[in-house]
Amino acid sequence: LLTRWLPAATICSAGLVISYAVFCLKKKIPVGSDHVALVAPLLTIGIGISLPWGLMDGLAVSVVPKERAGMATGIFSTTRVAGEGVALAIVSAVLSALTQSYLGTSHEAIVAAQRLVTGDLKGAGQALSGMGELELIHAYNDAFGLLLWFLTGITVLTAIVIFTFMGRGAGKAGEAAEESIAV
């Protein structure tokens with residue numbers, strides 16, 4: 001619906017910038033807040049992600065002839081799911097490495113970091129018996145905060161790239177996206 005008034009590049013970039021705003025909101029949520037305090041950040045993430053998400057299929061399909069739209073959608077969806085799986089694995093590995101950097105260089109620290117990333121606080125404490133649970137939680141939180149900064153930078157950079165380069169053919173792509181959304 002928004003492609004009637006705004007170019008697709010603007011909508012996609014705005015969605016990423018809105019997602020970036022979550023990091024700014026995160027600073028205002030006190031640690032130990034109740035679940036209600038998470039509504040605004042989660043709603044903001046949902047809005048930010050939904051803006052480019054709805055356009056992706058239409059934009060991907062708009063570059064192929066209409067008789068091949070089904071094939072293009074299948075290839076795009078498969079590539080997207082595979083990319084998400086690879087991205088999740090990379091982010092998990094980076095989080096594990098960052099957590100391990102706060103815990104030390106021993107084999108036990110590596111095992112503890114891997115267990116922390118999977119949510120196994122008790123197992124991490126058993127692997128690294130010299131540290132208490134509170135220290136393990138702080139190491140994980142520090143690593144997660146650093147990872148958020150890194151991902152925030154990627155999000156802003158991606159928004160700039162999309163706005164800059166996708167805007168060149170926005171008229172045709174926006175019309176195609178609008179047409180495919182209407183179908």
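Guide: Let's start with one term: a contact means heavy atoms within 4.5 Å. The model here is predicted. Among contacts in the chain with a separation of 6 or more, 62% join residues 24 or more positions apart.

Visitor: Which helices and strands does the chain have?

Guide: There are seven helices and zero strands. Read along the sequence, the pattern is α-α-α-α-α-α-α. Of the 183 residues in the chain, 26% are buried.

Visitor: What makes the pair of tyrosine 140 and phenylalanine 144 stacked?

Guide: This is the one aromatic pair in the structure. The ring centres of tyrosine 140 and phenylalanine 144 are 6.0 Å apart, and their planes stand at 20 degrees. Rings pair if their centres lie within 6.5 Å, and planes under 30 degrees apart count as stacked. Both values meet their cut-offs, so the pair is stacked.

Visitor: Where do tyrosine 140 and phenylalanine 144 lie?

Guide: Both belong to helix H6, which covers residues 133–166, and they are four residues apart, about one turn of the helix. An α-helix has 3.6 residues a turn, so residues three or four places apart point the same way.

Visitor: Why do tyrosine 140 and phenylalanine 144 count as partly exposed?

Guide: Buried means under 20% relative accessible area and exposed means over 50%, with partly exposed in between. Tyrosine 140 has 22% relative accessibility, so it counts as partly exposed. Phenylalanine 144 has 34%, so it also counts as partly exposed.

Visitor: How do you know that threonine 99 is buried?

Guide: The relative accessible area of threonine 99 is 0%, and the limit for buried is under 20%, so threonine 99 is buried. Threonine 99 sits in helix H3, residues 69–103. Leaving out residues up to four places away in sequence, threonine 99 touches Ala113, Leu116, Val117, Tyr140 and Ala143.

Visitor: Why are H3 and H6 called oblique to each other?

Guide: Their axes come within 8 Å and cross at roughly 135 degrees. Roughly perpendicular covers 65 to 115 degrees and roughly antiparallel begins over 145, so the angle fits neither class and H3 and H6 are oblique. H3 passes H6 in a right-handed crossing. On the H3 side, the residues making the contact include Val91, Val94, Leu98, Thr99 and Tyr102. On the H6 side, Tyr140 and Phe144, the two members of the aromatic pair, are among them.

Visitor: By class, what residues does the contact of H3 with H6 have?

Guide: It has 14 nonpolar, one polar and one charged residues.

Visitor: What makes H3 and H4 oblique to each other?

Guide: The axes of H3 and helix H4, residues 107–117, come within 8 Å and cross at roughly 130 degrees. That angle is over 115 but not over 145, so H3 and H4 are oblique to each other. Their crossing is right-handed. The contact draws on Ser92, Leu95, Ser96, Thr99, Gln100 and Leu103 of H3, and on H4 residues including Ala109, Ile110, Ala113 and Val117. By class, this contact has eight nonpolar, five polar and no charged residues.

Visitor: How do you know that glutamine 100 is buried?

Guide: Its relative accessible area is 18%, and anything under 20% counts as buried, so glutamine 100 is buried. Glutamine 100 has its place in helix H3. With residues up to four places away in sequence set aside, glutamine 100 touches Thr105, Ala109, Ile110 and Ala113.

Visitor: Which residues are buried in H4, and which helices do the buried residues of H4 pack against?

Guide: In H4, Ala109, Val111, Ala112, Ala113 and Leu116 are buried. The buried residues of H4 pack against H3, helix H5 (121–127) and H6. H4 is followed by glycine 119, with a positive phi near 90 degrees.

Visitor: Why is phenylalanine 23 called buried?

Guide: Its relative accessible area is 8%, against the limit of under 20%, so phenylalanine 23 is buried. Phenylalanine 23 is found in helix H1, residues 8–26. Not counting residues up to four places away in sequence, phenylalanine 23 touches Leu148, Trp149 and Thr152. The C-alpha atoms of phenylalanine 23 and isoleucine 45 are separated by 9.7 Å, and the two residues are 22 residues apart along the chain.

Conventions: Residues numbered from 1 in each chain as written. Predicted model: local features only at pLDDT ≥ 70, side-chain atom pairs only at ≥ 80, totals over all residues. Heavy atoms only, no water. Phe/Tyr/Trp six-rings, centres within 6.5 Å; stacked < 30°, edge-to-face > 60°. Buried < 20%, exposed > 50% of the residue type's maximum accessible area, 1.4 Å probe, protein only. Axes fitted to C-alpha atoms, helices over the stretch in contact; angles between N-to-C directions. Parallel < 35°, antiparallel > 145°, perpendicular 65-115°, else oblique. Left-handed = near helix turned anticlockwise from the far one by under 90°. Nonpolar A, V, L, I, M, F, W, Y, C, P; charged D, E, K, R; others polar.
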